[in-house]
Amino acid sequence: MTAIGDNDRRLEKYRRMQRIRQFETKAESIHAAGEIPGALHTYAGMEASGVGACMALRDDDYMVGTHRSHGHPIAKGSTLRPLMAELLGKATGVCKGKGGSMHLSDFAMGSLGETSIVGSGGPVAAGAALGAKLQGLDRVALCFFGDGASSEGAIHEGMNLAAVWKLPAIFVCENNRFGMSTPTSAAVAGVNVADRAHGYGIPGVIVDGQDVDAVEEAVRDAVDRARAGKGPTLIETKTYRYRDHAVNMGRDLTPRGPEHDDWVARDPITLYRARLLADGVAEGDLDAIDAAIADEVTDSLNFARESAYPAFEEAFDHVFVDRLPIPDDVLAHA
Ligand SMILES: Cc1ncc(C[n+]2csc(CCOP(=O)(O)OP(=O)(O)O)c2C)c(N)n1
């Protein structure tokens, strides 16, 4: 938790959710125009899950994301310029342009990385939590994963070891009702992923993933428990993905049912804006945040566009710990 007052905290939650939504809206449009290479998986509809969870963390806590990859680092507090530059493959990107949309990591914010290997964050988070414990630090590690990932072996392995060793970890399953085109009910045994916590002997908590305050509260309890040495918690946020599995693929993979409109009616940003207004926050203050974020997004895109691509000779720098030599015959053709 960052040391800020209650009102500022509320505005910060609103700000981070808006930042994700506006950043991705822009990214989707320039991706459609061919400016971003590779696949783009957007987080629209799920902002309260990531922001609520990350607002319960300290800046020096660890967070591991997924292939749905922009929401998590922005929720953790990353700034937009290096993220947008990364999407465009530029040297000023948060991973020097080598990671792209699906592999953003921002160690300065405790963001250990997003990955395209579904479920692979489980052991990474358990490892980070083990590292913190062995070093005597009171940091926790939070792992986001999807309902599809919940049946991957790696997630089970991560949760199991974290439970056995009472590691300071929090596992947040973002159940957005689909894994690509497959409804959760067709791929996940049992009604709730959170019920699987029983098998690890740890608490399992279900929370409304469209309610940023509720997510923050649930994750804060889990963080307190983890810092107190009592081990991990499994939290399932019930949420919804608005866009296709990945955008601009020319076809819609996700079969939508009548509940689609109900979910959109419970948009997490709209809900939170209404709550803040009801609590006395001035509409003008929220409008000012929206406008400031629009400027931030434009600024990040200008910055990314003006930045250079990484130099050819640096192709293997910042990718491996020990740099691989570039063979002479390859260099000769550069
Ligand atoms: C180990 C592995 N298996 C399969 C895939 C292909 N794949 C990419 S995303 C995805 C669906 C993941 O669903 P979920 O975990 O629910 O996350 P969501 O996309 O809904 O956020 C699959 C099967 C992959 N990238 N990695």
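In this predicted model, Ser 116 approaches the ligand through its backbone: one of its N or O atoms there lies 2.8 Å from a nitrogen atom of the ligand. Gly 148 also takes part through its backbone, where a polar atom is 2.7 Å from an oxygen atom of the ligand. Asn 176 uses its side chain instead, with an N or O atom 3.0 Å from an oxygen atom of the ligand. On its own the ligand has 580 Å² of accessible area, and the protein covers 73% of this.

The surroundings of the ligand can be described next. There are 14 residues around the ligand, and those that come nearest are His 67, Arg 68, Ser 116, Gly 148 and Phe 178. Ser 116 and Gly 148 thus appear both in this group and in the backbone contacts described above. Sorted by class, the shell consists of seven polar, four nonpolar and three charged residues. As for its location, the ligand sits in the largest pocket.

The chain as a whole remains. Its secondary structure is made up of 13 helices and eight strands. The chain is as compact as a globular protein of its length, because its radius of gyration of 20 Å is close to the 20 Å that the globule rule gives for 334 residues. Measured out along the principal axes, the C-alpha trace spans about 60 × 50 × 45 Å.

Terms used:
Residues are numbered from 1 along each chain as its sequence is written. This is a predicted model: local features need pLDDT of at least 70, side-chain atom pairs count only at pLDDT 80 or more; totals for chains, interfaces and linings use all residues. Side-chain values use heavy atoms; hydrogens and water are left out. A residue is near a molecule or strand if one of its heavy atoms lies within 4 Å of it. A polar contact is a pair of N or O atoms within 3.5 Å; within protein, one must be able to donate a hydrogen and the other to accept it, and residues adjacent in sequence count only if both atoms are side-chain atoms. Accessible areas come from the Shrake-Rupley method with a 1.4 Å probe; for residues, only the protein chains shown count as cover. On a 1 Å grid over the protein atoms alone, a cavity is a set of points where a 1.4 Å probe fits but cannot get out, and a pocket is an open set with protein on both sides within 12 Å along at least five of seven lines; lining residues have an atom within 4 Å of a point. A molecule sits in a cavity or pocket if more than half of its atoms lie within 2 Å of its grid points. Ala, Val, Leu, Ile, Met, Phe, Trp, Tyr, Cys and Pro count as nonpolar, Asp, Glu, Lys and Arg as charged, and the others, Gly among them, as polar. Helices (H or I, at least four residues) and strands (E, at least two) are DSSP runs, numbered from the N terminus. The radius of gyration is taken over C-alpha atoms; the globule rule is 2.2 Å times the number of residues to the power 0.38.
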